[in-house]
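I opened my notebook to look up a few spots in this chain. Here are my entries.

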Amino acid sequence: DTRHIIVESFGIDEARNFYCEASAAGYAANGKKQTIEALPGSKAIIYARGDWRYLDCYFSVGKGSFGFTVIWFRNKPFWTMSYGGECFDKERTIPFLKRTLKSTYDNRVFIGGRGPGLCIADGLAYRNNLKPPSSFEKFSGRDEIRDSETGQLLFSHEFAGRLLAKEN
């Protein structure tokens, strides 16, 4: 199985750490966004180091959003994640979401590419409902932010990802 040759050539831990490094410098840190001409309305964050490439591209229209992340190693795509959902109070939730996501990325913790299992601060509660079994190679789940006093849903995203590398 050539998939294992590719994975072993860079190591799954190295790939996961690169994801966290790139994500910590991206959306969660207000990384530089650009539009991909072929994808009108897109917001794309690109990060690169050595043989590694990272693209996080998303669309936000009204309350809805959708995005995807791709990582390449030596110009071959091998890992991807997609996410999408709704945000009902951007002013309150987006700064909290970015801090929450950044905390997992800065600590090089991978929980489906999102935030921690639970984070409560500033009157908000973030919860990551990662579906078992999960790993960097294949995962899915849902994260949400609620008002911690009323329980009102303010943000939710479904997410899923997987290792793509299958041939050398």
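**Entry 1: Phe 68.** I began with its cover. At 23% relative accessibility, Phe 68 counts as partly exposed, because buried means under 20% and exposed means over 50%. I should say that I am reading a predicted model. Next I looked up where Phe 68 sits. I found Phe 68 in strand S3, which covers residues 64-73. Then I checked a distance. The C-alpha atoms of Phe 68 and Arg 16 are separated by 16 Å. Along the chain, these two residues are 52 residues apart.

**Entry 2: Asn 75.** I moved on to the loop between S3 and strand S4 (76-87), where Asn 75 has its place. Is Asn 75 buried or exposed? I read 65% relative accessibility for Asn 75, so it counts as exposed. I also looked up its backbone angle. Phi of Asn 75 is near 65 degrees, a positive value in a residue other than glycine.

**Entry 3: the S5 and S6 hairpin.** I followed strand S5 (residues 118-121) into strand S6 (residues 124-130). S5 and S6 run antiparallel, and four bridges join them. I noted one facing pair here: Ala 121 stands opposite Leu 124 in S6. How many residues lie between the two strands of this hairpin? I found two residues between S5 and S6. One residue in the turn is Asp 122. Asp 122 is not a glycine, yet its phi is positive, at about 55 degrees. I then looked up its cover. Asp 122 has 57% relative accessibility, so it counts as exposed.

**Entry 4: S6 and S7.** I went on to strand S7 (residues 138-147). S6 pairs with S7 in the antiparallel sense, over seven bridges. Across this pairing, Ala 125 stands opposite Arg 146 in S7. I also checked the loop between S6 and S7, where Pro 133 has its place. Which kind of peptide bond joins Pro 132 and Pro 133? I found a cis peptide bond, with omega at about -10 degrees.

**Entry 5: a charged patch.** Last, I looked at the surface. Lys 33, Lys 43, Lys 63 and Lys 90 form a positive surface patch. I picked out Lys 43 from this group. Lys 43 lies in strand S1 (residues 43-49). At 32% relative accessibility, Lys 43 counts as partly exposed. Why does Lys 43 not count as exposed? Its value is 32%, and exposed means over 50%, so Lys 43 stays in the partly exposed class.

Terms used:
Residues numbered from 1 in each chain as written. Predicted model: local features only at pLDDT ≥ 70, side-chain atom pairs only at ≥ 80, totals over all residues. Heavy atoms only, no water. Pairing = 2+ DSSP bridges. Patch = residues over 30% accessible without salt bridge, like charges linked within 9 Å, V, L, I, M, F, W, Y side chains within 5 Å. Areas by Shrake-Rupley, 256 points an atom, 1.4 Å probe, with all protein chains shown as cover. Salt bridge = Lys/Arg side-chain N within 4 Å of Asp/Glu carboxyl O. Lys, Arg positive; Asp, Glu negative; His and termini not counted. Charge placed at Lys NZ, Arg CZ, Asp CG, Glu CD. Buried < 20%, exposed > 50% of the residue type's maximum accessible area, 1.4 Å probe, protein only.
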